[in-house]
Every structure is written in C-alpha cells, then in structure tokens.
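Biologist: Can you walk me through this structure? I'd like to begin with one pair of residues and then see the rest.

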Amino acid sequence: MNSSLPFDRFYREHSEKQFSSSLKQFFQSVVLQRLPDPQNVLELGCGNYSLFEECKLNAKITAIDFSPVAIDQAPKSNIIYQMRSITDEIFFSEGEFDLIFDSHCMNCLVEHWDRERAFNNIFKTLKNDGIFAGEFMVQPINGKVEVPLKMIKTARELEEEILSHKFKIIYFMISKDSSFVDEANGEKIFCDVLRVMAKKES
Ligand SMILES: C[S@@+](CC[C@H](N)C(=O)[O-])C[C@H]1O[C@@H](n2cnc3c(N)ncnc32)[C@H](O)[C@@H]1O
C-alpha cells in the first residue's frame with residue numbers, strides 16, 4: 001500500500017495552498033461542459049486545498065486525501081474534507097456520486113493491487129451513468145520517464161486499465177511536453193498528459 005509519509009513531509013514544508021491550475025482548466029473547459037450540473041462530487045487526492053474551492057459548484061463536495069497533514073491544513077469551508085485512502089476496503093456507499101474527479105492521485109498508486117482497489121472503489125461508488133474524470137501523467141511517445149513513488153503508464157496502458165474496469169471512455173485527449181514538479185524532491189518531470197472522462201454505463 002502506498003504511504004502518506006512523503007506527502008506529510010511535503011505538506012509540512014509547503015503549507016501554502018497547493019492546487020494545479022491545469023486541473024482547474026480541465027474541469028471548467030472539459031468536464032463541466034459535458035456534465036454541467038453534478039450534485040454529489042468526490043475529489044481524490046485534494047491535498048490541502050480542494051480544486052472546488054476554486055471551481056464553485058452548487059453540489060455536495062467531498063474531498064479526500066490520505067495525508068493527515070494536508071487535511072489538517074485544508075480551509076474551513078462547506079467542502080467536506082476527509083482523511084481517507086482511495087484504496088480503503090470500506091469506502092463510500094454504492095452508487096453515491098455522479099462525478100469522481102482525480103486530482104492527480106491515481107499517479108501516486110504504484111502497486112497493481114492498490115490500483116485495482118482504487119478503480120473498483122471508484123466504479124462501485126459512482127451512480128449508473130456517473131463520470132470518472134482525471135488528468136494523468138503518461139509516458140512521452142519517444143522516451144521513458146521514471147519517478148520514484150509515481151506510476152507513469154503509457155496512454156495505451158492507462159486506456160486498457162480504465163476499460164478493464166468496465167468504464168466506457170467518452171473523452172480522451174493527450175497533450176505533449178508537460179511538466180510537473182515532483183513533491184519528493186522539487187524536480188521538474190517532463191512527460192505527456194492524458195485527460196480522460198469515463199462513464200459507468202448502466
Ligand atoms: C500530486 S498530489 C496532488 C495534490 C493536489 N490535488 C494538487 O493538485 O496540488 C497527490 C495527492 O494525492 C494524495 N494521495 C496519494 N495517495 C493517496 C491515496 N492512496 N489515497 C488518498 N490520497 C492519496 C497525496 O497525499 C497528495 O496530496
């Protein structure tokens with residue numbers, strides 16, 4: 001199972017709010033256009049500041065992260081922040097959410113069984129016709145990126161992984177040459193980025 005310790009250390013050293021502007025852009029320009037009025041939303045890996053503090057929705061928002069340090073630093077707002085792991089055996093209720101949004105959490109799951117558990121949790125807790133959306137670091141077409149504590153698949157592998165959990169992919173877009181700062185050491189990671197929306201079909 002992946003550990004919260006490196007993330008705890010990161011948030012202790014960077015207690016200012018952390019959020020990715022690319023996630024905001026993806027959510028507003030892609031996800032909201034296709035699902036304009038979600039009522040019950042779950043955010044995965046919200047860190048110390050949910051994306052939905054920036055993208056206001058008229059919805060119930062639950063934002064989870066397994067780092068107790070991050071959740072302690074989260075603002076007091078009407079977003080429900082909870083310290084939970086996406087791999088928890090007891091997760092949320094079946095069919096609870098109409099949108100589950102991955103805020104760069106799935107890339108942190110490196111073990112096969114963690115990923116299986118996470119995808120099964122996501123599928124189970126979505127309503128029928130509910131949407132899983134996320135932005136993922138993927139391998140550049142010509143090259144290989146390896147980052148400690150991160151799983152960076154090829155776009156094709158990720159597509160297969162999502163399809164193998166019975167989702168139907170409704171949006172799939174790769175952009176090249178993005179960069180991320182690695183929380184573990186502050187270094188820039190250059191890779192491609194895949195934005196996906198996948199539906200749980202009834
Ligand atoms: C790359 S950071 C992204 C943080 C924030 N969403 C942002 O955009 O800056 C990934 C987050 O996922 C959380 N995380 C990693 N594994 C997790 C797990 N198994 N369950 C819940 N949260 C996890 C980490 O604590 C971290 O806050």
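Modeller: This is a predicted model. A good place to begin is Phe119 and Phe132, which are both buried.

Biologist: Where do Phe119 and Phe132 lie?

Modeller: Phe119 is in helix α4, residues 112-125, while Phe132 is in strand β5, residues 126-138. The pair therefore ties together parts that are 13 residues apart in sequence.

Biologist: And which rings are linked into a cluster with them?

Modeller: Ring pairs join Phe119, Phe123, Phe132, Phe136 and Phe167 into a cluster.

Biologist: How many aromatic pairs does the count come to?

Modeller: The count is 13 aromatic pairs. One of them is Phe27 with Phe52, an edge-to-face pair with 5.0 Å from centre to centre and 90° between the planes.

Biologist: Which parts does that pair tie together?

Modeller: Phe27 lies in helix α2 (residues 21-34), and Phe52 lies in the loop between β1 (40-44) and β2 (60-65), so the pair ties together parts that are 25 residues apart in sequence.

Biologist: Is Phe27 buried or exposed? Same question for Phe52: buried or exposed?

Modeller: Phe27 counts as buried, at 0% relative accessibility. Phe52 is buried too, because its relative accessible area is 2% and the cut-off for buried is under 20%.

Biologist: Back to Phe119 and Phe132. Why is that pair edge-to-face?

Modeller: The ring centres of Phe119 and Phe132 are 6.0 Å apart and the planes are at 85°, so the pair is edge-to-face. Planes over 60 degrees apart count as edge-to-face.

Biologist: New topic. What does the secondary structure come to?

Modeller: The protein has five helices and seven strands. Along the sequence, the pattern reads α-α-β-β-α-β-β-α-β-α-β-β.

Biologist: Why is the protein called as compact as a globular protein of that length?

Modeller: Its radius of gyration is 16 Å, and the globule rule gives 17 Å for 202 residues; the two are close, so the protein is as compact as a globular protein of that length. The C-alpha trace spans about 40 × 40 × 35 Å along its principal axes.

Biologist: What share of the residues is buried?

Modeller: Buried residues make up 52% of the 202 residues. As for contacts with a separation of 6 or more, 68% are between residues 24 or more positions apart.

Biologist: What about the surface and the charges?

Modeller: The accessible surface comes to about 10100 Å², and 49% of that belongs to carbon and sulfur atoms. There are 24 positive and 31 negative side chains, with the centres of the two sets 3 Å apart.

Key
Residues numbered from 1 in each chain as written. Predicted model: local features only at pLDDT ≥ 70, side-chain atom pairs only at ≥ 80, totals over all residues. Heavy atoms only, no water. Helix = DSSP H or I, 4+ residues; strand = E, 2+ residues; numbered from the N terminus. Rg over C-alpha atoms; globule rule 2.2 N^0.38 Å. Buried < 20%, exposed > 50% of the residue type's maximum accessible area, 1.4 Å probe, protein only. Contact = heavy atoms within 4.5 Å. Areas by Shrake-Rupley, 256 points an atom, 1.4 Å probe, with all protein chains shown as cover. Lys, Arg positive; Asp, Glu negative; His and termini not counted. Charge placed at Lys NZ, Arg CZ, Asp CG, Glu CD. Phe/Tyr/Trp six-rings, centres within 6.5 Å; stacked < 30°, edge-to-face > 60°.
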